[in-house]
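Here's a quick tour for anyone opening this one up for the first time. Have a look at the picture, then read on.

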Amino acid sequence: MNFLLSIAFVLCWSSGFIGARLGAGSASAVTILMWRFLPLAVVLIGVAVVSRASWRGLAARDVARQAAIGVLSQSGYLLTVYYAIQLGVSSGTTALIDGVQPLVAGALAGPLLRQYVSRRQWLGLCLGVSGVALVTAADAAAGTGAAWWAYLVPFLGMFALVAATFVESRSRTQVAPTVAMTVHCATSAALFTTFAVSAGAAGPPAELSFWTAIIWLVVLSTFGGYGLYWLILRRSGVTKVNTLMFLMAPVTAVWGALMFGEPFGPQTALGLAVGLAAVVIVHRGDTSARPAPVN
């Protein structure tokens, strides 16, 4: 089951980069994100009003923590990803830059969460970085025409997602996935609607490609990728879930090549193989149970 969940997570999370690329030609980043989350938040809030059982016992502190997680993991992370793609950074390269997240999370998991990384896991993490570097070099050599500073934007999102992961992992309160999703999406909807209205970009375009991208992002990326991220995090811990992020870059590169003609050659294929090996090594290197989160 965990193996199947991992496969589903990698595909659904990678779909977010493809969905952003689909919508980039028809609307700005804040417009896409506003319409991705606003209708979804309305539906989720409506469901929460009807079914209140999962909200019982939650303190205001718990809801505030989930709102902070939503700001980091959805608003901050996604805005930087969409903005980078809008600036001309390819979907594959954006995923590649996010691929350094496992090393950052792995380095911090020990001192912050007492989830110490074994030597074999460190070997896998470093191998995963090598795979990301291979694919990054291949993509950069092809050239996208984006300004050099545009490649720094996804790093901000990567750090935001790492921060959200640790905020969630340090919580003692178990929040139902439906509750967390509702708070995260409502927070993102409020922020992105404010940004879009302020920028005069709230009106959705009439292009079919825009609404195709919105449906794609809601179904695959939000419910699939985002929901599975937190589910696997709770089941397996920070190191394992973040190691799966090594696979996002090569999978997105393959996907982008098939759908958009983005470059994919032998070096990218080698990076995919190295990333797969890294995931296997890290998962087999975990011989201890996951400790309870601490405050």
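## Long-range contacts and an all-helix chain

Take the contacts in the protein chain between residues at least 6 apart in sequence: 91% of them join residues at least 24 apart. Keep in mind that what you're looking at is a predicted model.

What is the chain built from? It has twelve helices and zero strands, so reading from the N terminus on, you go α-α-α-α-α-α-α-α-α-α-α-α. As for burial, 50% of the 295 residues count as buried.

## The cores

The largest nonpolar core holds 59 residues, and F9, W13, Y82 and Y229 are the ones that touch the most other members. Helix 9 gives the most to this core, chipping in eleven residues. Apart from it there's another core, this one of five residues, including V89, A146, A150 and V153. As a general background point, nonpolar side chains in soluble globular proteins tend to be buried together.

## Two residues to zoom in on

Which residues does W13 touch, once its neighbours within four places in sequence are left aside? It is in contact with Y77, L161, G225, Y226, Y229, M245 and M248.

Now try S15, which you'll find in helix 1 (residues 2–24). Buried or exposed? S15 has a relative accessibility of 0%, so it counts as buried. Not counting residues up to four places away in sequence, S15 touches W216, L220, S221 and W255.

## Where helix 8 meets helix 9

Next, follow helix 8 (residues 177–198) to the spot where it meets helix 9 (residues 208–236): their axes come within 11 Å and cross at roughly 125°. That angle is why helix 8 counts as oblique to helix 9. The crossing of helix 8 past helix 9 is right-handed.

Here's who makes the contact on each side:

| Helix | Residues in the contact |
|---|---|
| Helix 8 | P177, M181, H184 and C185 |
| Helix 9 | T222, F223, Y226, G227, W230 and R234 |

Sorted by class, this contact of helix 8 with helix 9 comes to six nonpolar, three polar and one charged residues. One name may ring a bell: Y226 of helix 9 takes part in the contact with helix 8, and Y226 is also one of the residues in contact with W13. Helix 9, then, turns up both in the meeting with helix 8 and as the element that gives the most to the largest nonpolar core.

Definitions and conventions:
Residues are numbered from 1 along each chain as its sequence is written. This is a predicted model: local features need pLDDT of at least 70, side-chain atom pairs count only at pLDDT 80 or more; totals for chains, interfaces and linings use all residues. Side-chain values use heavy atoms; hydrogens and water are left out. Axes are lines fitted to C-alpha atoms, for helices over the stretch in contact, and angles run from 0 to 180 degrees between N-to-C directions. Helices (H or I, at least four residues) and strands (E, at least two) are DSSP runs, numbered from the N terminus. Angles under 35 degrees count as roughly parallel, over 145 as roughly antiparallel, 65 to 115 as roughly perpendicular and the rest as oblique. A crossing is left-handed if the near helix is turned anticlockwise from the far one by less than a right angle, and right-handed if clockwise. Contact means heavy atoms within 4.5 Å. Ala, Val, Leu, Ile, Met, Phe, Trp, Tyr, Cys and Pro count as nonpolar, Asp, Glu, Lys and Arg as charged, and the others, Gly among them, as polar. A nonpolar core is a set of buried Ala, Val, Leu, Ile, Met, Phe, Trp, Tyr and Cys residues joined through side-chain atoms within 4.5 Å. Buried means under 20% relative accessible area, exposed over 50%, partly exposed in between (1.4 Å probe, protein chains only).
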